[in-house]
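This briefing is for a reader who has not met this structure before. Please look over the sequence and the model first, then read the points below.

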Amino acid sequence: MEIDLKLIRREFKNPMQIGTSLVSNKDFLEGTIDNFDFELSVLTGLHQESFEQAKNQLSNYLDGSIQKSKLYPSVLFAIEAWENLKTKDLVVPNEVQQNALLLKPDLNELTKLRSLGFKSFKLKIARSESANDISTFLKNLEGDEKIRLDGNQKMTPDQLVELLEKLKNYWSLIDYIEEPFKDHLQTANWSHTVPLALDESLSYFLSTSLPSHIKNVVLKPSLYGFKKSLILIESLNSRNIVVTLSSSFEGPIGLSAIFALAHFQNTHHPNPAGLDTLKYFKTI
């Protein structure tokens with residue numbers, strides 16, 4: 001096996017709040033294995049394993065001292081994505097429809113993203129923005145544009161209901177609110193015109209049962225593996241649940257693998273993917 005990998009550290013333009021961690025940079029192991037592109041990355045605050053643990057485990061897998069079934073999700077995704085690249089089982093498209101990620105309701109950023117052709121936007125909420133900030137942003141959306149709000153598990157149901165009441169004129173523009181509650185029971189008991197989407201709690205509900213009101217899930221393949229992500233896309237769509245493929249701030253190689261999964265999702269139900277993340281690094 002011919003291995004040519006190097007460590008790359010990419011700095012974020014501004015520190016990113018990931019879960020309870022404030023992250024300033026992200027490490028990658030990039031290059032080729034047997035002349036096919038390979039990338040390993042771990043996002044602090046999201047993955048349970050550290051980058052060092054994943055890197056050491058990858059080395060053990062490549063020298064045959066650990067079985068694939070024992071791999072961390074990040075390592076499994078990296079290996080299986082590399083295998084797909086070799087076998088070309090799934091097409092890696094040049095581009096897929098995406099939603100643009102905004103960290104705050106910035107109208108100047110909206111104008112810029114609109115000029116780039118984006119029609120779907122994902123806006124982080126429950127940070128420092130006011131209901132008026134969000135309302136003004138929604139008011140400026142055009143006829144065929146939609147918004148997805150991401151609560152990052154930082155809200156209570158009462159807080160979300162209060163916010164939505166102030167946004168009532170714009171409910172029809174909201175695709176869903178992604179993972180606003182940390183408490184799984186609060187998610188399960190949500191009842192409102194504006195729907196929720198699962199993200200961080202997806203693995204929990206997959207091991208129990210998905211609430212009947214959930215019709216959207218956000219899938220980060222590096223938390224499951226490439227092949228399991230394929231299975232989940234098929235299984236969820238068969239239950240009329242639409243999957244949004246999402247990045248864990250992968251680099252270009254990792255994103256290309258998720259592009260393939262997003263393209264596969266679009267054969268079931270066309271849906272903008274959440275892969276607009278490279279722009280948050282200083283350099284690529």
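What follows covers a sheet, a helix, a lysine and two pockets.

The model is predicted. Its open sheet has five strands with parallel pairing. The largest pocket holds about 980 Å³ of space, and the second largest has a volume of about 310 Å³.

**The open sheet**

- The strands of this sheet run in the order β4-β5-β6-β7-β8.
- The edges are taken by β4 (99–102) and β8 (196–197); each has a single partner strand, so one side of each has no neighbour in the sheet.
- Four bridges join β4 to β5 (residues 120–124), and the two strands pair in the parallel sense.
- Asn 99 lies opposite Ser 120, a residue of β5.

**Helix α3 and its ends**

- Helix α3 spans residues 107–115, and at its start a side-chain oxygen of Asp 106 comes to within 2.9 Å of the backbone nitrogen of Asn 108.
- Gly 117, just after α3, has a positive phi of about 100 degrees.

**Lys 220**

- Lys 220 sits in the loop that lies between β9 (216–219) and α8 (226–238).
- Is Lys 220 buried or exposed? With a relative accessible area of 10%, Lys 220 is buried, because the cut-off for buried is under 20%.
- The side chain of Lys 220 makes a polar contact of 2.7 Å with the side chain of Asp 199.
- Leaving aside residues up to four places away in sequence, Lys 220 touches Leu 46, Glu 178, Asp 199, Ser 246, Ser 247 and Ser 248.

**The largest pocket**

- Its lining is made up of 42 residues, and those nearest the centre are Ile 18, Gly 19, Gly 45, Leu 46 and Glu 200.
- Leu 46 therefore appears twice in this briefing, as a residue that Lys 220 touches and as one of those nearest the centre of the largest pocket.
- At least two lining residues come from each of β1 (3–18), β4 and β5.
- The largest share, five residues, is supplied by β1.
- By type, the lining has 14 nonpolar, 16 polar and twelve charged residues.

**The second largest pocket**

- This pocket is lined by 15 residues, with Lys 13, Leu 103, Glu 109, Lys 279 and Tyr 280 nearest its centre.
- Two or more of the lining residues come from each of β1 and α3.
- The lining divides into seven nonpolar, one polar and seven charged residues.

Notes: Residues numbered from 1 in each chain as written. Predicted model: local features only at pLDDT ≥ 70, side-chain atom pairs only at ≥ 80, totals over all residues. Heavy atoms only, no water. Pairing = 2+ DSSP bridges. Polar contact = N/O pair within 3.5 Å; in protein donor to acceptor, adjacent residues only side chain to side chain. Buried < 20%, exposed > 50% of the residue type's maximum accessible area, 1.4 Å probe, protein only. Contact = heavy atoms within 4.5 Å. 1 Å grid on protein atoms, 1.4 Å probe; cavity = no way out; pocket = protein on both sides within 12 Å on 5 of 7 lines; lining within 4 Å. Points joined across faces, edges and corners; volume = space filled by probe spheres on them. Nonpolar A, V, L, I, M, F, W, Y, C, P; charged D, E, K, R; others polar.
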